[in-house]
Structure formats: structure tokens, C-alpha cells
Amino acid sequence: VSTTHELWTAPCRTMPIGMPFDNVRTYVLDAGMELLPAGVHGELFIGGAGVGRGYANAPALTAERFLPDPFGATPGARMYRTGDVVKRLGDGRLVFIGRRDHQVKLRGFRIELGEIEACLATHPAVRQAAVVMRTDERGEKRLVAYVAGQALESGALSEYLGARVPDYMLPGTIVILDSLPVTANGKVDRNALPLPAAATPAEFTLPRDELEGLIADIWADVLGVERVGAESNFFSLGGHSLLAARVAARVHEALRLEHSALPALFSAPTVAGFAAAIRELEPSPGKMETIARLRRQIGKMTAEQ
């Protein structure tokens, strides 16, 4: 034990791991082994009393984890590399974010999977949560979240997350399970998590007019999915910011909009919601319905040819 946190109130879902003991030092370092300021994610290193000599009969692992302590006052002092990603609060308390080996890079962004899991865990109905990165059949990497709890719905969870994390951290698929598989020591067994295809598909609602039909066709083409319904969520189908920009450009061209449709897609990520936002953005439904109908007719003629 190296840190302690005293509870003055009822336990919360996101619990700090606290402050170091008097004879322990904790460092939050970046990849260059430089100290990081409060609020910035980094790896936790532990110095001071309690740091051992290394692992028995494992010199390579010892060399990787037990390093010279450049911040200690004692000559020859060593520090332990925990592999935990944390941030330090303004009062000095440490907050656990995730594991260094659970950090992924997706579309140019470094993402802490543990941060998404912690956010999911704040939902009152979520009992367990795990997030992994998978490669789909088209070779694209996507985030997949697995949750267990009471009365959960993937669309509602996606909206909940969307209000709390950046869009690049939003899982493309949320799989709801009765419980998550665990290892012998009680940790989530990520290797045993089922493929997203094992998830029960949500109720499918056909597009209700020409505009929704056009949007659904564009989404299906851009996302590479077989069908898109009126209540389908763009991000739940695997969409992300780059594909959102492509969809917005296609919709802008098809409907000859005067304004960008991209903000509307992020604020209303379902087909029905996106269509309603476009109608509000461009108050000429008759014109848009005519253009949408023509586009669909041209598409059918091309397919027949």
C-alpha cells in the first residue's frame, strides 16, 4: 500500500486513490519521464520506502519496472513503474484513469479505455463496463463497449456518453450483456468478450419519408452497413468524426444546403433527428423532399442499368 484516501462521505463511483503516505513519494510522469502538472494524465511511479529491489529471478522485468529515482534525495534510490495511468487533482490526490497497456491510438488520438469505462460506470444502471478496440471486417479499428446492468439500452447509453466524452472517444458499438466474463482473480476477461455481432439488434424502424430515406441511404453507403433505420444512431453504427464530415458533405451536395449539416449530425445523431434538424436549418421542406425524391429515383435507375 502506497497511498490512502479518507472517506468523509458515502463512497462514490469514481474514487480517488488518494495521497501518498509520509514516507512514500508519487510521481506522475510523461513518456519522457518528466513531471506533469495537476489535471494531466500520466503514468504513476512510486518512490520512497517500500520500493523493493526487483522481481525474483526476473532480471528483464526488474530492469523495466524498477528504475533509478531522479527525484529522490537518497543516492541510489529507485522508483517503481506501476503501469497505472493517473492524474493528480489540485489538492494532490491521485485519480486512477486506467492501465498503460489499455491505452490505444485511434484516428490520431490517444485514448485511455479506462476513462471511457469510468464514465460508463457513473451511469446509475451500469454494474460493469469494459471497452476494447476491435478491427471490423473492412479493416477499420473501432471502439466497442460492453456493459452489464439493469434495464440498459445502447442508444440511451451512447447519448449519455456523448454528453460526457469527446466524439473520438465514443464507442461505435455498445454490447449489453447479462454479466461480463471474468478471470480467476475476478478481473474482466477481455479475451472472452463476445464479438459485437452477438449483440441483440435494436428494433428497426423504416425511414418515414423521402428525406429520412435519403439520409439512411447515405449513412449506409458511408458506414458500409446493410440497412439504416429511422432511429438508427450514426455513432452506434460505427460512425466517427471523419465519417461524419463525409456524410455532411454528401447531404450538403444532395440537398444543396446553404449551411453545413455537420453540427446537426453531432447534436442529433439519429436519422429522424438529423432530418428534423436539417428541416429546421433549411426551412423549405418541399424543395428538399423534391430533391431527395429525384436523387432516390436516379439511384434506382442507375442500379437497374
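**Figure 1. Val-247 and its neighbours in the predicted model.** Val-247 touches Ile-218, Trp-219 and Val-222. Phe-234, Leu-265 and Phe-274 are also in contact with Val-247. These contacts leave out residues up to four places away in sequence. The coordinates come from a predicted model.

**Figure 2. The largest nonpolar core.** This core holds 50 residues. Val-247 is one of those that touch the most other members. Ile-111, Ile-215, Trp-219, Phe-234, Val-251 and Phe-274 belong to that same group. Helix H4, residues 210-223, gives the most to the core, with 9 residues. Apart from it lies another core, of 8 residues. Val-132, Val-144, Leu-177 and Leu-193 are among the members of that other core.

**Figure 3. The second largest pocket.** The volume of this pocket is about 880 Å³. Its lining comprises 30 residues. Phe-96, Ile-97, Gly-114, Glu-117 and Ala-118 lie nearest the centre. Three elements give two or more residues to the lining: strand S7 (94-99), helix H2 (113-121) and strand S10 (126-135). H2 gives the most, with 7 residues. By class, the lining has 12 nonpolar, 9 polar and 9 charged residues.

**Figure 4. The largest cavity.** The count comes to 1 cavity of 30 Å³ or more. The largest cavity has a volume of about 60 Å³. Leu-106 and Arg-107 help to line it, as do Lys-141, Arg-142 and Leu-143. Asp-167, Leu-170, Pro-171 and Gly-172 are also in the lining. Gly-238, Gly-239 and His-240 complete the list. Strand S11, residues 141-149, gives the most to this lining, with 3 residues. The classes are 4 nonpolar, 4 polar and 4 charged residues.

**Figure 5. Thr-26 in strand S3.** Strand S3 spans residues 24-29. Thr-26 has a relative accessible area of 10%, so it counts as buried. The cut-off for buried is under 20%. Thr-26 touches Thr-3, Pro-20, Leu-44, Phe-45, Arg-88 and Leu-94. Residues up to four places away in sequence are not counted here.

**Figure 6. Lys-87 in strand S6.** Strand S6 covers residues 78-88. Lys-87 is partly exposed, with a relative accessible area of 26%. Lys-87 and Val-28 are 59 residues apart in sequence. In space they are 7.1 Å apart, C-alpha to C-alpha. Lys-87 touches Gly-39, Val-40 and His-41. Arg-93, Leu-94, Val-95 and Ile-97 are contacts of Lys-87 as well. Residues up to four places away in sequence are left out of this list.

**Figure 7. Two positive phi values outside glycine.** Met-33 has a positive phi of about 65°. Met-33 sits in the loop between S3 and strand S4 (42-48). At 27% relative accessibility, Met-33 counts as partly exposed. Ala-151 has a phi near 50°, also a positive value. The place of Ala-151 is the loop between S11 and helix H3 (154-162). Ala-151 is exposed, with a relative accessible area of 81%.

**Figure 8. Glu-231 in the loop between H4 and helix H5.** Helix H5 spans residues 241-255. Glu-231 is partly exposed, with a relative accessible area of 46%. Glu-231 and Leu-206 are 25 residues apart in sequence. Their C-alpha atoms are 8.4 Å apart in space. Glu-231 touches Thr-205, Arg-208, Thr-270 and Ala-272. This list does not count residues up to four places away in sequence.

**Figure 9. The protein chain as a setting for the close-ups.** The chain has 305 residues, and buried residues make up 39% of them. There are 8 helices and 12 strands. Among contacts with a separation of 6 or more, 54% join residues 24 or more positions apart. The accessible surface of the chain comes to about 16,900 Å². Carbon and sulfur atoms account for 53% of that surface.

Conventions
Residues numbered from 1 in each chain as written. Predicted model: local features only at pLDDT ≥ 70, side-chain atom pairs only at ≥ 80, totals over all residues. Heavy atoms only, no water. 1 Å grid on protein atoms, 1.4 Å probe; cavity = no way out; pocket = protein on both sides within 12 Å on 5 of 7 lines; lining within 4 Å. Points joined across faces, edges and corners; volume = space filled by probe spheres on them. Helix = DSSP H or I, 4+ residues; strand = E, 2+ residues; numbered from the N terminus. Nonpolar A, V, L, I, M, F, W, Y, C, P; charged D, E, K, R; others polar. Core = buried A, V, L, I, M, F, W, Y, C linked by side-chain atoms within 4.5 Å. Buried < 20%, exposed > 50% of the residue type's maximum accessible area, 1.4 Å probe, protein only. Contact = heavy atoms within 4.5 Å. Areas by Shrake-Rupley, 256 points an atom, 1.4 Å probe, with all protein chains shown as cover.
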